[in-house]
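Visitor: I would like a close look at one part of this model. Please keep to a single residue and its surroundings.

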Amino acid sequence: MTDLNNSNANEEHPNAESHGGGNGPSSDANDLDAAWAEFANSHADDLKAVEHSRNARRFEKHAQRREKEALLSIQDLDQGTFTDDMPQGRGPRDFTGSSWLDTDSVMDRYGDDFVPPSPEIGHVKLSKLVFWALLVTGVIGIIASVFMPALAAILGSIFGLCALVGAAGLIVQHKGHSQTRFDEFDDGARV
């Protein structure tokens, strides 16, 4: 039955002499290394094809997935991990520090040094205010024109134009991050 799978030329059958006939254990190792090197050299093309085959890639992906799996399983933990055999005084209700619920007492403890932020809106440009008014009026007018079917075409066109002019004006006036930062390390965050 194995004769059908014989890949040797001219029906050659391997014999014991070609596979290290026995000069001792160290010579067997040297002969095996030499035989393996000879085999690898003579079948280099076949080994390359196997190495780059679809099954080899699947096996490699499978091996990588297995490496990424959890290194700790539930069987590695002892039963004490899940039961209440911890030392006393180590539970969630035994916390003695302060929490966010104690804000008033913490603030009283550290004095009145805290000054809440008071941001200023600053000067609003009139043109930006007009463009916002046009945009809001246009959107509300378009929605309201739906309820007046006789005038919907005229009112929709007028309010649509208002919304477009308002949006376009706001986009043109918008300053990007590169124009509003103070230095190269400014990330745009403001308090």
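Visitor: Is Ser145 buried or exposed, and what is its relative accessible area?

Guide: Ser145 is buried, at a relative accessible area of 5%. Buried here means under 20% relative accessible area, exposed over 50% and partly exposed in between, with a 1.4 Å probe and protein chains only as cover. This is a predicted model, in which local features need pLDDT of at least 70 and side-chain atom pairs count only at pLDDT 80 or more, while totals for chains, interfaces and linings use all residues. Residues are numbered from 1 along each chain as its sequence is written, and side-chain values use heavy atoms, without hydrogens or water.

Ser145 belongs to helix H5, which covers 126–145. Helices are DSSP runs of H or I with at least four residues, strands are runs of E with at least two, and both are numbered from the N terminus. The side chain of Ser145 reaches the backbone oxygen of Ile142 at 2.8 Å; a polar contact is a pair of N or O atoms within 3.5 Å, one able to donate a hydrogen and the other to accept it, and residues adjacent in sequence count only if both atoms are side-chain atoms. Apart from neighbours within four places in sequence, Ser145 is in contact (heavy atoms within 4.5 Å) with Ala152, Leu155 and Gly156.

Helix H6 spans 152–173. Its 22 residues should cover 32 Å at 1.5 Å a residue, and the end C-alpha atoms are 31 Å apart, which agrees; the expected span is 1.5 Å times one less than the number of residues. The buried residues of H6 include Gly160, Ala163, Gly166, Gly169 and Leu170, and the buried residues of H6 pack against H5.

The two helices also share a surface feature. Val139, Ile143, Val146, Phe147, Met148, Leu151, Ile154 and Ile158 make a nonpolar patch of about 810 Å², to which H5 and H6 each give two or more residues. Ile143 is one of the patch residues and lies in H5. Patch residues have over 30% relative accessible area and no salt bridge (a Lys or Arg side-chain nitrogen within 4 Å of an Asp or Glu carboxyl oxygen), and nonpolar side chains are joined within 5 Å, like charges within 9 Å. Areas follow the Shrake-Rupley method with a 1.4 Å probe.

For the wider setting, the chain has 7 helices and 0 strands, and 6% of its 191 residues count as buried. Helix H3 has 0 buried residues out of 15, so H3 lies largely in the open.
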